[in-house]
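Reader: I'd like a close look at one part of this model, the surroundings of the ligand, and then how the rest of the chain is built up around that. Could you take me through it in one go, without too much jargon?

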Amino acid sequence: MLKRKDLWRLGFHLMPPEGWLNDPNGLCQFRGLYHVFFQYAPKEAGPDGRPARTWGHYAGKDLMDLKFQGVPFWPTDAEDHDGCYSGSAVADGDKIRLYYTGNVKQPGEHDYTYSGREANEILVETDGKNFGEKRTVLRNRDYPEDCTCHVRDPKVWKENGTWYMVLGARVKSPEQTAEADRGEVLFYESGDGFSWKLLKTLSSTERFGYMWECPDYFELGGKTFLSLCPQGVPAEEFRYQNIYQAGYYTVKGELRGKQTLHSFREWDYGFDFYAPQTFTDENGRRILFGWIGMPDHPYGNPTAERGWENCLTVPRLLTAEDGVICQNPVPELAGLRYHETMIMPRETFCLPDGTGDFEICFLEGTEEQEWKISFGGAAELSFRDGVLQLSVAENAGYGRTVRKVKTDRIEFLRILVDTSVLEIYADDGKIVLTTRYYPDYQGERQDLAVQFHCPSAAITGWRIH
Ligand code: FRU
């Protein structure tokens with residue numbers, strides 16, 4: 001019998017060749033080559049015969065043409081026995097330094113939150129092809145005493161000759177419960193990137209969840225931002241809809257002095273977005289990749305039975321306006337466009353391979369805005385009474401239903417459609433919604449009919465290579 005092509009495999013998003021992918025890791029550009037590592041659980045067992053959570057590696061000159069390079073290292077050492085967890089990269093001189101968390105679950109009866117887990121921060125040097133020895137630079141005893149065993153995800157950078165690391169942490173409450181523990185970040189400093197000492201801890205004035213994962217710290221547009229993924233934040237009608245969140249604070253004060261955190265803002269309002277990481281490339285652009293997925297989410301992942309799960313967002317170029325970060329696909333993506341079509345406001349545009357790119361400009365002077373766009377009946381984006389709503393149809397959502405964002409009006413939309421992913425960028429990327437969705441491509445043809453009901457819009461559509 002003819003083996004059917006998997007029509008949910010993606011056209012222009014990074015996904016694992018097979019197996020499971022989560023967080024983007026180790027993002028950098030070194031001697032012209034981009035490196036995108038990611039949390040990876042390949043289908044094949046590690047060299048010691050055990051299933052592994054480790055890193056996978058993509059690299060290439062062009063962000064739109066990255067090729068899978070394999071697994072750079074495996075969790076085969078005492079310091080990372082139960083996983084090479086998330087981390088980051090610094091291109092420095094003639095090497096890239098990779099820092100990640102070696103996760104170790106000690107034998108015996110443990111809850112692994114308050115006892116029995118080691119979190120080792122490990123350094124591996126590479127030229128991008130060959131990976132050196134692992135070297136442990138921080139261990140449990142180096143973290144503040146009030147930390148639980150959940151300390152991880154080093155984001156490292158170098159500034160004025162000093163190395164800095166920010167780690168995510170869960171701080172113990174007297175009750176030792178998720179309701180009372182508190183998320184915070186730990187800052188370390190180092191003269192050489194090998195021996196580190198605690199600089200300070202930082203948290204929000206009011207408790208915001210029990211754990212902060214995957215921190216990132218950077219400057220953009222004259223402001224400082226701390227990005228993180230809090231767990232345990234209660235859902236609200238228009239915010240914090242997912243099981244865990246991903247967002248950023250504006251930071252006031254100097255890194256080496258006292259700092260405070262202000263106005264947490266979510267990166268993305270869709271169903272599937274977590275653990276973003278940023279880096280600056282050799283042109284000084286601040287670029288973000290996020291995981292299109294979420295840990296412990298209640299939705300189905302129907303590609304699992306096809307042997308692969310999850311993907312990354314397209315690289316997003318970041319700019320900041322008045323403390324709000326705008327995310328937009330890097331300009332390179334426009335190079336994949338072909339077959340440009342002007343679409344009438346009430347028209348259907350057919351995507352024969354389920355991939356496309358749309359720009360929708362709502363005409364000025366239209367006070368009353370009400371419109372909707374349907375993606376093959378599998379998902380719908382609509383705007384009405386100041387609410388932007390993304391709905392996924394029951395048979396295409398595997399539990400994903402509705403996400404809503406409040407906003408006065410929308411002037412511009414860019415929508416990336418990629419077989420089983422939608423990335424929706426509204427108003428210069430101030431609001432972004434990312435989701436998986438699974439249109440029924442089981443028929444003979446794999447068309448996706450995108451229907452527009454946008455009375456006052458100028459719409460341009462492209463297919464994507
Ligand atoms: C976030 C996360 C990280 C951890 C990694 C393990 O999704 O839980 O905190 O390092 O995934 O795969």
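Author: One bit of vocabulary first: Ala, Val, Leu, Ile, Met, Phe, Trp, Tyr, Cys and Pro count as nonpolar, Asp, Glu, Lys and Arg as charged, and the others, Gly among them, as polar. Also keep in mind that what you're looking at is a predicted model.

With that sorting, the shell around the ligand comes out as five nonpolar, four polar and five charged residues. The shell has 14 residues, and the ones that come nearest to the ligand are Q39, Y85, S86, E213 and A275. Which elements chip in with two or more residues? They are β1, β5 (84-92), β9 (147-159), β13 (211-220) and β17 (274-280).

Take β1 as the way in. Strand β1 covers residues 19-30 and pairs with β2 in the antiparallel sense, over seven bridges. Together β1 and β2 make a hairpin with two residues between them, and R31 in that turn has a positive phi of about 50 degrees. At the hairpin, F30 has L33 in β2 as its bridge partner. Strand β2 itself runs over residues 33-41 and is mostly covered, with seven of its nine residues buried. On from there, β2 is joined by seven bridges to β3 (residues 54-60), and these two also run antiparallel. If you want a landmark in that pairing, look for F37, which stands opposite H57 in β3. While you're tracing these strands, remember that side chains in a regular strand alternate between the two faces of the sheet.

Now go back to the shell and follow β5. Strands β5 and β6 run antiparallel and are joined by seven bridges. C84 stands opposite G102 in β6. Here too there's a hairpin with two residues between the strands, and G93 in the turn has a positive phi of about 65 degrees. How covered is β6? Nine of its 11 residues are buried, so β6 is largely enclosed by the rest of the structure. β6 is also joined to β7 by 10 bridges, again antiparallel. Within that pairing, L98 has V124 in β7 as its bridge partner.

The link between β6 and β7 is worth a stop. Y112 sits in the loop between β6 (95-105) and β7 (117-126). Its phi is positive, about 65 degrees, although Y112 is not a glycine. Is Y112 buried, exposed or something in between? It has 15 C-beta neighbours inside 10 Å, so it counts as partly exposed.

Stepping back from the strands around the ligand, there's the nonpolar core. The largest one has 115 residues, and V185 and I424 have the most contacts inside it. Strand β10 (residues 162-171) gives this core the most, seven residues. At least three core residues come from each of domain 1 (19-318) and domain 2 (332-464). To get a feel for the packing, click on V185: setting aside neighbours within four places in sequence, its contacts are V166, L167, G168, A169, T201, L202, W212, P215, L226 and L228.

As for those two domains, their C-alpha centres lie 31 Å apart. Where they touch, domain 1 puts in 20 residues and domain 2 puts in 22. On the domain 1 side of that contact you'll find 13 nonpolar, four polar and three charged residues.

Domain 2 has its own spots to look at. D427 is in the loop between β31 (421-426) and β32 (431-436). With phi near 50 degrees, D427 has a positive value in a residue other than glycine. It has 18 other C-beta atoms within 10 Å and is therefore partly exposed. Then there's β23 (residues 337-343): of its seven residues, zero are buried, so the strand lies largely in the open. β23 pairs in the antiparallel sense with β34 (residues 457-464) over five bridges, and T341 has G461 in β34 as its bridge partner.

One last stop, in domain 1: A304 is in the loop between β18 (286-292) and β19 (308-309). Why does A304 count as exposed? It has 11 C-beta neighbours inside 10 Å, and exposed means 12 or fewer. The C-alpha atoms of A304 and E18 are 9.5 Å apart, although 286 residues separate the two along the chain.

Definitions and conventions: Residues numbered from 1 in each chain as written. Predicted model: local features only at pLDDT ≥ 70, side-chain atom pairs only at ≥ 80, totals over all residues. Buried ≥ 20, exposed ≤ 12 C-beta atoms within 10 Å, placed from the backbone. Helix = DSSP H or I, 4+ residues; strand = E, 2+ residues; numbered from the N terminus. Pairing = 2+ DSSP bridges. Near = placed C-beta within 6 Å. Core = buried A, V, L, I, M, F, W, Y, C linked by C-beta atoms within 7 Å. Domains from an automatic or database assignment. Contact = placed C-beta atoms within 7 Å.
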